[in-house]
Amino acid sequence: MTKNSSTLFFGANVIVGDGSDPVEGTALLVKNGLIVGSGSVSNLAVPDDVERVDLTGSTIMPTIVNPHIHAGYLKGASTEAVNFSRENILDHLRRFVYYGVSVVQSLGTDRDDIELTIRNEQRSGALNDPELALLFSASRGIAAPTPGQENGGAFFAPDAILEAATPEQGREHVRLLVEKNPDVIKFWVDDRNGTKVKMTPDVYAAIIDEAHLLGKKVIAHIYELDDAKGVVRAGVDGTAHMVRAPGPDEELLALMTANDSFVFTSMSIQKMMVDGDGWLDDAALAETVDAATRQSFKAMIGQASPEIATMMTSGYRVLEAGLLQYHNAGVRVLLSGDTGVISQFPGFAEHRELEAMVLAGMPAADAIVSATLLPAQMLGLDDRGSLEVGKRADFIVLEANPLDDISNTKRIADVYIAGSKIDRGALRAGFQEEHHV
Ligand SMILES: [Zn+2]
């Protein structure tokens, strides 16, 4: 599409992304990257010189927005600080777009402001590349210090995480962070199975209060029910995970709906060894991840003791039940890949997460809204997240309808960003070349 021309995408089954039923044969008229008309072709004012793209037989959906990644650490089968670089982050951003994930938010593990620099370049237009997902960043997150050892923040980046032992330290970190304009403030409340010091309620209350005073949303990493209640009572905007066993209770759900807090799904990261290792053979994954890397995760799964495998599975079933509890209670559920950690491959993890949500019993149409419109709204992106007039033409062309089978989101024919087709073949060739270096 040249810059000032119009394009008519016609014939597709269009999933708008707002939860409404798709309408077969909806056409989208796109100009300058924006949707300017939607409906049956006969009802649209189509210019004579329009470029026509026939999508008959396919289904289109908005590109995915994932507000929970950790950019730059995963390379091959390792999630380590040594991999963190501008180059590796850009590689991840390309992998996201390859799979139709157009916006991602990295949650608290930036180093040397590399994420923030990329984000600023994208916002100023200095870095204007449709093959890169749009990056949001929390900069560095905050955790309680554990005297004499690493803190209980992200295991792959404890040195990148700020430590607060007192409310005043928490406030001071928030003030310094906000000077760099992070997109959100992130903190961890977790004792990592009793091995680390957990942040206390007075400290996180101060962090949340200071962030809100300065106009920033706050996301808390929690695993336990009491901690979830604590952070929601203190006014947190959302939790980065659902609670583990026993799962959410009525009180938590009521607190979250009253506070309009959202919950991130973060399911597939707990699913690596649930239901075997067959998922690593997925043809859609093999397009970007080489056999040796996938084999090393298979070996990891194979080496897990039966006790560990059983524990992981029963813990996962709690998450599945919990997803429906949150969703049915009316809590805003947002897709979260925790992508870039262990076997959460950029771009693929998001499709695996969607699959996990639907397998748990969430209606596919709702899961797609959780993966598109709701996270876009949470990030303040009014111009995307659904395929409506006035929004950007960021969409995935699928060979089959994901409402029939959610795994169809992986059957990607094309990805369009602002109305322009991404050259997935060239991207794929680049990923495959990297493997031989
Ligand atoms: Zn995370």
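**View 1. Alanine 234 sits in the loop between α5 (225–233) and β17 (238–239).** This is a close-up of a predicted model. With 18 C-beta neighbours inside 10 Å, alanine 234 counts as partly exposed. Its contacts, leaving out residues up to four places away in sequence, are Pro201, Tyr204, Ala205 and Ile208. For a sense of scale, look across to aspartate 282: the two residues are 48 apart along the chain, and their C-alpha atoms are separated by 42 Å.

**View 2. A cis peptide bond joins alanine 245 to proline 246.** Check omega here and you'll find it near 10 degrees. Proline 246 belongs to the loop between β17 and α6 (250–259).

**View 3. Arginine 192 has a positive phi.** The value is near 50 degrees, and this residue isn't a glycine. Arginine 192 lies in the loop between β15 (185–188) and α4 (201–213). It counts as partly exposed because 16 other C-beta atoms lie within 10 Å.

**View 4. Serine 266 is another non-glycine residue with a positive phi.** Here phi is near 40 degrees. You'll spot serine 266 in the loop between β18 (262–264) and α7 (283–286). Loop or not, serine 266 is buried, with 25 C-beta neighbours inside 10 Å.

**View 5. Isoleucine 308 is an exposed residue in helix α9 (residues 306–329).** Just 11 other C-beta atoms come within 10 Å of isoleucine 308, so it counts as exposed. Aspartate 249 is 59 residues away along the chain, with 26 Å between the C-alpha atoms of the pair.

**View 6. Helices α10 (residues 348–359) and α11 (residues 364–371) pack against each other.** Their axes are 9 Å apart, at an angle of about 140 degrees, and the crossing is right-handed. From α10, the residues involved are Glu350, Leu354, Met357 and Val358; they meet Ala364, Ala367, Ser370 and Ala371 of α11. Sorted by class, that contact comprises six nonpolar residues, one polar and one charged.

**View 7. The largest nonpolar core has 124 residues.** Ile60, Ala133, Phe187, Ile207 and Ala220 have the most contacts inside it. The core lies between domain 1 (6–61 + 387–434) and domain 2 (63–378), because both give residues to it. Zoom in on alanine 133 and you'll see contacts with Leu93, Phe96, Val97, Val101, Ser102, Val103 and Val104, again not counting residues up to four places away in sequence. As a general point, nonpolar side chains in soluble globular proteins tend to be buried together.

How values were computed
Residues are numbered from 1 along each chain as its sequence is written. This is a predicted model: local features need pLDDT of at least 70, side-chain atom pairs count only at pLDDT 80 or more; totals for chains, interfaces and linings use all residues. A nonpolar core is a set of buried Ala, Val, Leu, Ile, Met, Phe, Trp, Tyr and Cys residues joined through C-beta atoms within 7 Å. A residue is buried if 20 or more other C-beta atoms lie within 10 Å of its own, exposed if 12 or fewer, and partly exposed in between; C-beta atoms are placed from the backbone. Domain bounds come from an automatic or database domain assignment. Two residues are in contact if their C-beta atoms, placed from the backbone, lie within 7 Å. Axes are lines fitted to C-alpha atoms, for helices over the stretch in contact, and angles run from 0 to 180 degrees between N-to-C directions. Helices (H or I, at least four residues) and strands (E, at least two) are DSSP runs, numbered from the N terminus. A crossing is left-handed if the near helix is turned anticlockwise from the far one by less than a right angle, and right-handed if clockwise. Ala, Val, Leu, Ile, Met, Phe, Trp, Tyr, Cys and Pro count as nonpolar, Asp, Glu, Lys and Arg as charged, and the others, Gly among them, as polar.
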